[in-house]
Amino acid sequence: MSMRLLSFLKQWRGTAKEAFENVSIVAKFLCLLHVTDRYIISTTHVHGPSMLPTLNLTGDVILAEHLSHRFGKIGLGDVVLVRSPRDPNRMVTKRILGLEGDRLTFSADPLVGDASVSVLVPKGHVWIQGDNLYASTDSRHFGPIPYSLIEGKALLRVWPPEYFGSLR
């Protein structure tokens, strides 16, 4: 009886080892996928009226890289993914219109009148705005945002296919 048990355990040991190796490969792949998606490059679905006409109201899928902002390589005119200063669980897509040290003058409320406001972007901050001034909640409402809230830089639109390409 002990020989049968020993034989069974040897067979089970080989199967368990093979299963562990396969699970290990899948786990490594999932870790690589997570690191790539979170820290290198990812696709993001963006929707809403704030970036009209650059991005569609019903939604676009954009390819965003997550390295440039870590090395200070974000510039004026770049479309960026930003963690919302009002709701940290939300991501917003806006265009950078001012870097630290820039002085900006903007219309306080374009729907009401011509009154303008002038702002100096402080060190470590950027000024973001949506392309659609009439339907965007941006730095005009919550001021310059800390550079640390930038999560990525939009590279290009990948969906819908008829609009594939640059966001400039």
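**Salt bridges and a pocket, read together**

Modeller: Let's start with one pair: Arg 140 and Asp 138 form a salt bridge, with their closest N and O atoms 2.9 Å apart. Keep in mind that this is a predicted model.

Biologist: Fine. Are those two residues buried or exposed?

Modeller: Buried means under 20% relative accessible area. Arg 140 is at 14%, so it counts as buried, and Asp 138 is buried too, at 0%.

Biologist: How many salt bridges does the structure hold?

Modeller: Six. Among them is the one between Arg 38 and Glu 151, where the closest N and O atoms are 3.0 Å apart.

Biologist: Which parts of the chain does that pair tie together?

Modeller: For that you look at where each partner sits. Arg 38 belongs to helix α1, residues 2-40, while Glu 151 belongs to strand β9, residues 150-159, so the bridge ties together parts that lie 113 residues apart in sequence. Arg 38 is partly exposed, with a relative accessible area of 34%, whereas Glu 151 is buried at 14%.

Biologist: And which residues are linked with them in a network?

Modeller: The network of salt bridges links Arg 38, Arg 83 and Glu 151.

Biologist: Can we try the same reading on Asp 131? Which residue does its side chain meet in a salt bridge?

Modeller: Arg 95, at 2.9 Å from N to O. Asp 131 is in the loop between β7 (125-129) and α2 (139-142), and Arg 95 is in strand β4 (residues 91-98), so this pair ties together parts 36 residues apart in sequence. As for accessibility, Asp 131 is partly exposed at 25%, and Arg 95 is buried at 13%.

Biologist: Now for the empty space. How do you find where it is left?

Modeller: You roll a probe the size of a water molecule over the atoms, and that shows where space is left empty. Here, the largest pocket comes out with a volume of about 420 Å³.

Biologist: Which residues are closest to its centre?

Modeller: The lining has 22 residues, and those closest to the centre are His 47, Arg 90, Met 91, Val 92 and Thr 93.

Biologist: Which elements give two or more residues to that lining?

Modeller: β1 (41-46) and β4 do. Of the elements, β4 gives the most to the lining of the largest pocket, with four residues. That's the strand that holds Arg 95 from our earlier pair.

Biologist: How do the lining residues divide into nonpolar, polar and charged?

Modeller: For the largest pocket, there are nine nonpolar, 10 polar and three charged residues.

Note on methods. Residues are numbered from 1 along each chain as its sequence is written. This is a predicted model: local features need pLDDT of at least 70, side-chain atom pairs count only at pLDDT 80 or more; totals for chains, interfaces and linings use all residues. Side-chain values use heavy atoms; hydrogens and water are left out. A salt bridge is a side-chain nitrogen of Lys or Arg within 4 Å of a carboxyl oxygen of Asp or Glu. Buried means under 20% relative accessible area, exposed over 50%, partly exposed in between (1.4 Å probe, protein chains only). On a 1 Å grid over the protein atoms alone, a cavity is a set of points where a 1.4 Å probe fits but cannot get out, and a pocket is an open set with protein on both sides within 12 Å along at least five of seven lines; lining residues have an atom within 4 Å of a point. Grid points are joined across faces, edges and corners, and a volume is the space filled by probe spheres set on the points. Ala, Val, Leu, Ile, Met, Phe, Trp, Tyr, Cys and Pro count as nonpolar, Asp, Glu, Lys and Arg as charged, and the others, Gly among them, as polar.
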